[in-house]
Amino acid sequence: MAEEQRPAPLRLGSTAPNFQAETTKGPIDLHEYIGDNWLVFFSHPEDYTPVCTTELGEFARLQPEFTKRGVKLLGLSANTIGSHEGWIKDIKEVTGSQVDFPIVGDKERKVAYLYDMLDFQDTTNVDSKGIAFTIRSVFVVDPKKTIRTILSYPASTGRNSAEVLRIVDSLQTGDKNRITTPVNWVPGDDVIVHPSVQGEEATKLFPNLRAVKPYLRFTSLPNA
């Protein structure tokens, strides 16, 4: 695909583009698949590659944690469904984890281009079969189909799946409580009162508010 044909880059706040595709769990419509849930959608350069194998095994291991948070997982790799199915068996053998979430078959890279999952520096970077390598993209999408987080890793670097889970926790906690989360935050830690919450409203909502600076106010959450 020529550079001028590439879609405009997605940004935080963009609506996740809808698509229909075949997956290892049958055909899906993305927006129908999301439904009223959150979504973590992530891509892989190719099947039967070492880093991807370790990643999918870890996401499969953590799937119950994502499910508890109302999050669906969806993978993508630029290969056929048949290739994915064979690879899933390898993942189970190597990592001990069964991949139960769908993986999109994107041999023609239609979804990869739609979500700009390719390295802008070299769109001709293809494997021996002529398949363009995708980068390791991650999209966190909320139930309104809004993209809330975009992460891009080079093909050589495996993702931190626990960090993706932490991002979901931060977003969901912020949506519920009008707060933001500080550096290295994990559930149970103190949070930061959102700047839009001021005066009596702040002390009413957060009786444990602790002001370090006028612009930096920490609080604990009673249901943390």
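Reader: Arginine 166 first: is it buried, exposed or partly exposed?
Author: This is a predicted model, and in it arginine 166 has a relative accessibility of 22%. Buried would need a value under 20% and exposed one over 50%. Because 22% falls in between, arginine 166 counts as partly exposed.

Reader: Which side chain meets arginine 166 in a salt bridge?
Author: The partner sits in helix H5 along with arginine 166, three residues away, about one turn of the helix. It has a relative accessibility of 25%, so it counts as partly exposed. The N to O distance is 2.7 Å, and the partner is glutamate 163.

Reader: Which residues do salt bridges with shared partners join into one network?
Author: After that helix H5 pair, here's a set of salt bridges with partners in common. They make one network out of Glu65, Lys68, Arg69 and Asp169.

Reader: How far apart are the closest N and O atoms of glutamate 58 and arginine 61?
Author: Both belong to helix H2, residues 50-68, and because they are three residues apart, about one helical turn separates them. Glutamate 58 is partly exposed, since its relative accessibility is 28%. The two form a salt bridge, and the closest N and O atoms are apart by 2.6 Å.

Reader: What is the partner of arginine 148 in its salt bridge?
Author: The closest N and O atoms of this pair are 2.9 Å apart. The pair links distant parts of the chain, 27 residues apart: arginine 148 is in strand E7 (residues 147-153), and its partner is in helix H5 (residues 161-177). Arginine 148 is partly exposed at 24%, and so is the partner, at 44%: aspartate 175.

Reader: And what does the salt bridge count come to?
Author: The rule asks for a side-chain nitrogen of Lys or Arg within 4 Å of a carboxyl oxygen of Asp or Glu. The pair of glutamate 58 and arginine 61, at 2.6 Å, is one that passes. By this rule, the count of salt bridges is twelve.

Reader: Which residue does UniProt list for "active site"?
Author: The record is an unreviewed entry. The residue it names is found in helix H2 and is buried, with a relative accessible area of 1%. UniProt's listing is Cys52.

Reader: What is cysteine 52 in contact with, leaving aside its neighbours within four places in sequence?
Author: Cysteine 52 is buried because its relative accessible area is 1%, under the 20% cut-off. With those sequence neighbours set aside, its contacts are His44, Pro45, Glu46, Trp87 and Arg136.

Reader: How many aromatic pairs does a search of the whole structure find?
Author: Rings count as a pair if their centres lie within 6.5 Å. Some of these ring pairs link Phe19, Phe41, Tyr115 and Phe139 into a cluster. Across the whole structure, the number of aromatic pairs is eight.

Reader: Are the rings of phenylalanine 42 and phenylalanine 59 stacked or edge-to-face?
Author: Phenylalanine 42 is in strand E3 (residues 38-44) and phenylalanine 59 in helix H2, 17 residues apart, so to speak a link between distant parts of the chain. Both are buried. With centres 4.3 Å apart and planes at 15°, under the 30 degree cut-off, the pair is stacked.

Reader: What is the angle between the planes of phenylalanine 42 and phenylalanine 101?
Author: Phenylalanine 101 lies in the loop between helix H3 (81-95) and strand E5 (103-105), 59 residues from phenylalanine 42. Both residues are buried. Their rings are 5.7 Å apart centre to centre and form an edge-to-face pair, with the planes at 65°.

Reader: Which residue lies over the face of tyrosine 33?
Author: The cut-off for a charge over a ring is 6 Å from the ring centre. Here the distance is 4.6 Å, and the residue is lysine 72.

Reader: Is tyrosine 215 buried or exposed?
Author: Tyrosine 215 sits in the loop between strand E10 (210-213) and strand E11 (216-219). Its C-alpha atom is 9.2 Å from that of histidine 194, 21 residues apart along the chain. Because its relative accessibility is 66%, over the 50% cut-off, tyrosine 215 counts as exposed.

Reader: Which residue in E2 does alanine 21 stand opposite?
Author: Strand E1 (residues 20-23) and strand E2 (residues 26-29) pair in the antiparallel sense over four bridges. A hairpin of two residues joins E1 to E2. Opposite alanine 21 stands isoleucine 28.

Key
Residues numbered from 1 in each chain as written. Predicted model: local features only at pLDDT ≥ 70, side-chain atom pairs only at ≥ 80, totals over all residues. Heavy atoms only, no water. Buried < 20%, exposed > 50% of the residue type's maximum accessible area, 1.4 Å probe, protein only. UniProt positions renumbered as here; feature names shortened; annotations may be inferred. Contact = heavy atoms within 4.5 Å. Phe/Tyr/Trp six-rings, centres within 6.5 Å; stacked < 30°, edge-to-face > 60°. Lys NZ or Arg CZ within 6 Å of the ring centre and 35° of its normal. Pairing = 2+ DSSP bridges.
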